[in-house]
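Thanks for coming. I will show one structure and go through one helix, then a pair of strands.

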Amino acid sequence: MPIGCYSGDNMTDKNNTNLRTQRPIVVDCPHFNENNGGAIVLHVLVHRLRALGVEAYAVTLEQDYADIKSPLLRVLKKWNRRRRLGPFRTHPSMDVPLASKEIINQAIVVYPETRSGNPLQSQRVVRWLLHKPGFFGVDAKIGPDEEIFYIAEAFAKDVKNISTDRSLRVSWFRNDIYQNLGLPRVGACRMIRKGKYSNYQIPRFDGTILIDGKKHTEIAKIFNTTEIFYCHDPYTTYAYYAVLCGCVPVVIPQPGLSSEEWRSGMDLKYGIAYGEEEIEWARNTANQLISYMATEKERDAVSLLRFLNTLRLIFD
């Protein structure tokens, strides 16, 4: 919701003023975390906008700890979080500066669905669905005047009156790390991640290698030495990474979600099994997925330009 780390952002002429909004765009970004797909794409959005000549910035908001009743404990929690995280971090290859208060006051603000309400009190709000609203237990409290976009159609299915042209997609894939090395394979690996929010039993101690929390280089090595990747997170780029390494990803079927419904809401339509009965089909279609994802950069560019055009029409 993270074909290589695209270093070339020449999606179009950077000096084309028709691409720019009159107002700056400020994106609600946590600290960069290469293992957190949401954090990645929020930083990438700022970086890609700036590569187009758009005045774009990040803003990092403190966790409010509103569920803690003691004011003193809330202050301590906030202080400890600031101390632990340190100064704002982005990826060294990205241009993601922080916005000043003056910029925020006049900006179009982009919040992910994990941000509750409109803490910056902006009059111009975009809500970007990086997953289904409420999936992580956060009530987004989406306002009636917010402009809603989504990174995958599956995340907007339960949102009423959303236009079909509201796809906003950016990607940052690590093809530099995930490659098939042709090594001997045995056994299987498993990833839980967002699967922990599901209401079905997750197997324990079944002999598979758990890859949650591991670094990309470690995961790539495991994908290169195992045959099957069992994935409890139905919408993750790691399934694509497994295919790049020659490991067959098997998404664990979700209660009430058929294979057809799952595929209809995302781009990874080949090379990934939805349940073990599709493993052979996934093997036979892996190259189709790799070919399709090789054109992802062009689809991102179209989506980003459409996003900017929509904002200009609404807010300029």
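Start with the residues of α7 that are buried, meaning under 20% relative accessible area with a 1.4 Å probe and protein chains only. They are Ile279, Ala282, Thr285, Ala286, Leu289 and Met293. An α-helix has 3.6 residues a turn, so residues three or four places apart point the same way.

A word on the source. This is a predicted model, where local features need pLDDT of at least 70, side-chain atom pairs count only at pLDDT 80 or more, and totals for chains, interfaces and linings use all residues. Residues are numbered from 1 along each chain as its sequence is written, and side-chain values use heavy atoms, with hydrogens and water left out.

What covers those buried residues of α7? The cover includes β8, α5, β9, β10 and α8. Helices here are DSSP runs of H or I with at least four residues, strands are runs of E with at least two, and both are numbered from the N terminus.

Helix α7 itself covers residues 279-293. From first C-alpha to last it reaches 20 Å, close to the 21 Å expected, which is 1.5 Å times one less than its number of residues. At Thr285, α7 bends by about 50°, the angle between axes fitted to the seven residues ending there and the seven starting there.

Now the strands. β4 and β5 run parallel, joined by 4 bridges; two strands pair if DSSP finds at least two bridges between them. Tyr150 in β5 is the bridge partner of Leu129. On β5, Glu147 and Phe149 point one way, Ile148 and Tyr150 the other, and all are buried.

Overall, the protein has 8 helices and 10 strands, and 49% of its 316 residues count as buried.

Methods:
Buried < 20%, exposed > 50% of the residue type's maximum accessible area, 1.4 Å probe, protein only. Contact = heavy atoms within 4.5 Å.
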